[in-house]
Amino acid sequence: MNPIFSVSMGLYPDFTTTMMFMAVGLIIVFVVLCGLAVFTQLFGYVFTHAEKLNKKAQPSPAANAVVAAPKAVSAQPTPTANVADSRILAIISAAVFTVLKSPNCRIVSVTPAPYDAGWANSGRQSIFTSHTPKK
């Protein structure tokens, strides 16, 4: 029987038989890994190619439909509002409109939350106190 194709080895194999058995196992592992890599690449290509075909075949309904976004109304408009603030306000108002499905919503104010490192510091403290050095 050819030792390359044997499934089991004898009870006391010699060095060359053991090395051959290990080499065949290693080759099988590499062939399977290469096959999986090729399969995943082809699978990804199929999906990206199908997505490109779908985009070419039918125009998106969002391109044809005109949806009026609700205007963001602030109770006290700030005179120093810049473009970033108005964009953030527009994003928040669009999210509220999307979730609530009602144009009768009003954003009263938007204020940034202050940075608080309390959670991070308490987490670090609990990690450091849980590890005690060995004496």
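**Figure 1. Leu26 sits in helix 1 of this predicted model.** Here we zoom in on Leu26, a residue of helix 1. Its relative accessible area is 46%, so Leu26 counts as partly exposed. Leu26 also has company: together with Ile28, Val29, Phe30, Val32, Leu33 and Leu36 it makes a nonpolar surface patch. That patch covers about 660 Å².

**Figure 2. Phe39 and Phe43 stack their rings.** Searching the whole structure turns up two aromatic pairs. One of them is Phe39 with Phe43, with 5.6 Å from centre to centre and 25 degrees between the planes. Since planes under 30 degrees apart count as stacked, that is the label the 25 degrees earns. Both Phe39 and Phe43 belong to helix 1, which spans residues 15-57. They are four residues apart, or about one turn of the helix. How open is Phe39, buried or exposed? Phe39 has 52% relative accessibility, and because the exposed class begins over 50%, it counts as exposed. Phe43, at 46%, is partly exposed.

**Figure 3. Phe43 and Phe47 meet edge-to-face.** Now the view shifts along helix 1 to Phe43 and Phe47, another two residues set four apart, about one turn of the helix. What are the numbers for this pair? The ring centres of Phe43 and Phe47 are 5.0 Å apart, with 80 degrees between the planes. An angle over 60 degrees counts as edge-to-face, so the 80 degrees puts Phe43 and Phe47 in that class. Phe47 has a relative accessible area of 51%, so it falls in the exposed class.

**Figure 4. Three Phe rings join up as a cluster.** Which residues do the ring pairs link? They are Phe39, Phe43 and Phe47. Phe43 takes part in both pairs, stacked with Phe39 and edge-to-face with Phe47. As for exposure, Phe39 is exposed, Phe43 is partly exposed and Phe47 is exposed.

**Figure 5. Stepping back, the protein has four helices and zero strands.** Read from the N terminus, the elements go α-α-α-α. How much of the protein is buried? Buried residues account for 2% of its 135 residues. The accessible surface adds up to about 12500 Å². Carbon and sulfur atoms own 69% of that surface. For a local look at nonpolar surface, go back to the patch that includes Leu26, Phe30 and Leu36.

Terms used
Residues numbered from 1 in each chain as written. Predicted model: local features only at pLDDT ≥ 70, side-chain atom pairs only at ≥ 80, totals over all residues. Heavy atoms only, no water. Phe/Tyr/Trp six-rings, centres within 6.5 Å; stacked < 30°, edge-to-face > 60°. Buried < 20%, exposed > 50% of the residue type's maximum accessible area, 1.4 Å probe, protein only. Patch = residues over 30% accessible without salt bridge, like charges linked within 9 Å, V, L, I, M, F, W, Y side chains within 5 Å. Areas by Shrake-Rupley, 256 points an atom, 1.4 Å probe, with all protein chains shown as cover. Salt bridge = Lys/Arg side-chain N within 4 Å of Asp/Glu carboxyl O.
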